[in-house]
2 protein chains.
Amino acid sequence: MNIGIIGGGSIGLLFAYYLSDQYDVTLYTNTKNQSDEILQNGIYLIHNETVNSRRVKTKWFEHWSGKEDLTIVAVKQYHLENLINLLVEKQTKNTEYVFLQNGMGHLKLLKYLHANTIYVSSVEHGAYKKSSFEVEHNGIGQTKLALYQGEISLPPSLLTIPNFPIILEDDYFEMLVRKLVANAIINPLTGLLKVQNGEIIRNKNYFSIVKNLFREIEAVLKLERGDRYFQQVIEICQKTSGNRSSMLKDLEANRPTEVDAILGYILDEAEMNNIDAPICKTLYHFIKGSEK
Amino acid sequence: MNIGIIGGGSIGLLFAYYLSDQYDVTLYTNTKNQSDEILQNGIYLIHNETVNSRRVKTKWFEHWSGKEDLTIVAVKQYHLENLINLLVEKQTKNTEYVFLQNGMGHLKLLKYLHANTIYVSSVEHGAYKKSSFEVEHNGIGQTKLALYQGEISLPPSLLTIPNFPIILEDDYFEMLVRKLVANAIINPLTGLLKVQNGEIIRNKNYFSIVKNLFREIEAVLKLERGDRYFQQVIEICQKTSGNRSSMLKDLEANRPTEVDAILGYILDEAEMNNIDAPICKTLYHFIKGSEK
């Protein structure tokens, strides 16, 4: 199987490294500079202080034409709107798509694609892009994939890659909502407070905010059996206790955050349904105001 | 006139320095160590990079007996509960009191005092305690005094001290509410965001929070003609644009903050009146959780 991966951020590099062991992978990067550096060096994967490298085909995104069997889109949500137009323009074959974005804001864009089969996902890896060709895999999680439209025809070998588990989920909507709820609580709070994930459940005052924020989100998204979602948030905080969330990292690196795809989506839902969400709104403005 | 000042923090040192020019002032400190150091050095006042010093009588608080004509209580709100008991125990004469605390939480304690005359105040100076006997006066503001009970008998000379204006207000309640509203907005937001006062009105996302938070406080405190209060908050942010709020300084110095006297008071009022105050509550928990 040929796989094209669009986006040379931490997640794009991670997927390119792991998938290139068994598949014919081409990584499409936003800058020619990055693709040159990867051609020269390969991709370096740093895990537990050991470094491994792999040669990976890579091209500047200009050369993408969707000719691979599978196209994995690994750009941030806030770059997706522009990218979708380019995909529609440049695509020459009917490739299958996997979208790796956080939040749920990207769903409304998918209808513009020419595609029979689209997967969406929930990526639960910790990864840090150390340079244009080096990625640290500092939290081995899993990638959940669910069909958004079309029929599943993924090779079984995709589900058995060492240190890189990919599992299939039945219900894309529930999968994304679960991730959204966790992201909407953990990301803004840790980003604003500049603390590790575990701190927001350890500190009893922060945990009060977690609970009140969850109740608000539960009402907006009309979650059924909300306690399952709440329990999941706590479990993620426990499991990733020492991790720094992507929003915290983005803020500290003066990068834009994904708050629009996360709290922005919830606030849109709240407005459509005429529900007050004062805590979500306050957190949204805290994060937007803190972006450089 | 004899004046006793209780508390050797930045505000206690500031009042002791300025008032000792014309009055017989005794500063009562919490530790014997501090009173020894002030006896040895005097109080140093640093203003615009010039340093002046004054000899001031000072005693360990153990020796206080309320024998001065006027007693100025300059301890933080959160030390007041214990202190009031000591004042009642140790007081031997009928001194008049001035309370310098922020917020409105202290009002409920005043009924326990043996006092005919009590003033409350709104202190609008910027001061920083550099050491046990050195205080920086980095923002010359004013001290508003208002009678809480009794009759006014302050000497007119008290109202004409250079660089240390003291003015009398008619309505203690409105005076404290104005200060409370400003404190409840400026202190928690700047403390949490670690920004100067001006930033919360300059940054349009932070300013959205300011507006929503104000509407919440306006409802809880049942403010009439709320726009006056809101305008005042903006003016303070403009005038003290480059200042760092006391709550920000407290958090950075790992000191307890006055959030209980400020947002805590508003949350108590909200609960008594059965009004939701989700933004106040969230900010309260952010600040309490950030205290070391």
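Here are three short exercises with worked solutions on this predicted model.

**Exercise 1: two helices in chain A**

Find how the axes of helix H9 (residues 259–272) of chain A and helix H10 (residues 278–290) of chain A are arranged, and which residues meet.

*Solution.*

Step 1. Begin with a general idea: two packed helices are described by the angle between their axes and the distance between the axes.

Step 2. The axes of H9(A) and H10(A) come within 10 Å, and they cross at roughly 155 degrees. Angles over 145 degrees count as roughly antiparallel, so H9(A) is roughly antiparallel to H10(A).

Step 3. The crossing of H9(A) past H10(A) is left-handed.

Step 4. Now look at the contact. H9(A) brings Val259(A), Asp260(A), Leu263(A), Gly264(A), Ile266(A) and Leu267(A), which meet Cys280(A), Lys281(A), Leu283(A), Tyr284(A), Ile287(A) and Lys288(A) of H10(A). Sorted by kind, the residues of this contact are 8 nonpolar, 1 polar and 3 charged.

**Exercise 2: a sheet in chain B**

Work out the strand order of the open sheet of 8 strands in chain B, then find what stands at its edges and what lies across it.

*Solution.*

Step 1. Trace the sheet from one side: the order is E5-E2-E1-E6-E7-E8-E11-E12 (chain B), and the pairing is mixed.

Step 2. At the edges are strand E5 (57–60) and strand E12 (166–169) of chain B. Each has a single partner strand, so one side of each is left without a neighbour in the sheet.

Step 3. Check the twist: ignoring direction, neighbouring strands of this sheet are turned by 25 degrees against each other on average.

Step 4. Zoom in on one edge. Strand E2 (residues 24–29) of chain B and E5(B) run parallel and are joined by 4 bridges. Here Thr29(B) stands opposite Trp60(B) in E5(B).

Step 5. Add the helices. Helix H2 (residues 32–41) of chain B lies across E2 and E5 of chain B, at about 160 degrees to E5(B). Helix H4 (residues 172–193) of chain B lies across strand E8 (118–123), strand E11 (143–149) and E12 of chain B, at about 30 degrees to E8(B).

**Exercise 3: the two copies**

Find the turn and shift that lay chain B on chain A, and say what symmetry follows.

*Solution.*

Step 1. A turn of 179 degrees with a shift of 0.0 Å along the axis lays chain B on chain A with an RMSD of 0.1 Å. The two copies are therefore related as by a two-fold rotation axis.

Step 2. Locate the axis: of the residues of chain B, Ile279(B) comes closest to it, at 3.1 Å (C-alpha).

Step 3. Compare the interfaces. Because 100% of the interface residues of chain B are also interface residues in chain A, the copies meet through the same surface.

Technical notes. Residues are numbered from 1 along each chain as its sequence is written. Chains are lettered from A and ligands numbered from 1 in the order in which they are written. This is a predicted model: local features need pLDDT of at least 70, side-chain atom pairs count only at pLDDT 80 or more; totals for chains, interfaces and linings use all residues. Side-chain values use heavy atoms; hydrogens and water are left out. Axes are lines fitted to C-alpha atoms, for helices over the stretch in contact, and angles run from 0 to 180 degrees between N-to-C directions. Angles under 35 degrees count as roughly parallel, over 145 as roughly antiparallel, 65 to 115 as roughly perpendicular and the rest as oblique. A crossing is left-handed if the near helix is turned anticlockwise from the far one by less than a right angle, and right-handed if clockwise. Contact means heavy atoms within 4.5 Å. Ala, Val, Leu, Ile, Met, Phe, Trp, Tyr, Cys and Pro count as nonpolar, Asp, Glu, Lys and Arg as charged, and the others, Gly among them, as polar. Copies are superposed by least squares on the C-alpha atoms of residues with pLDDT of at least 70 in both. Two strands pair if DSSP finds at least two bridges between them.
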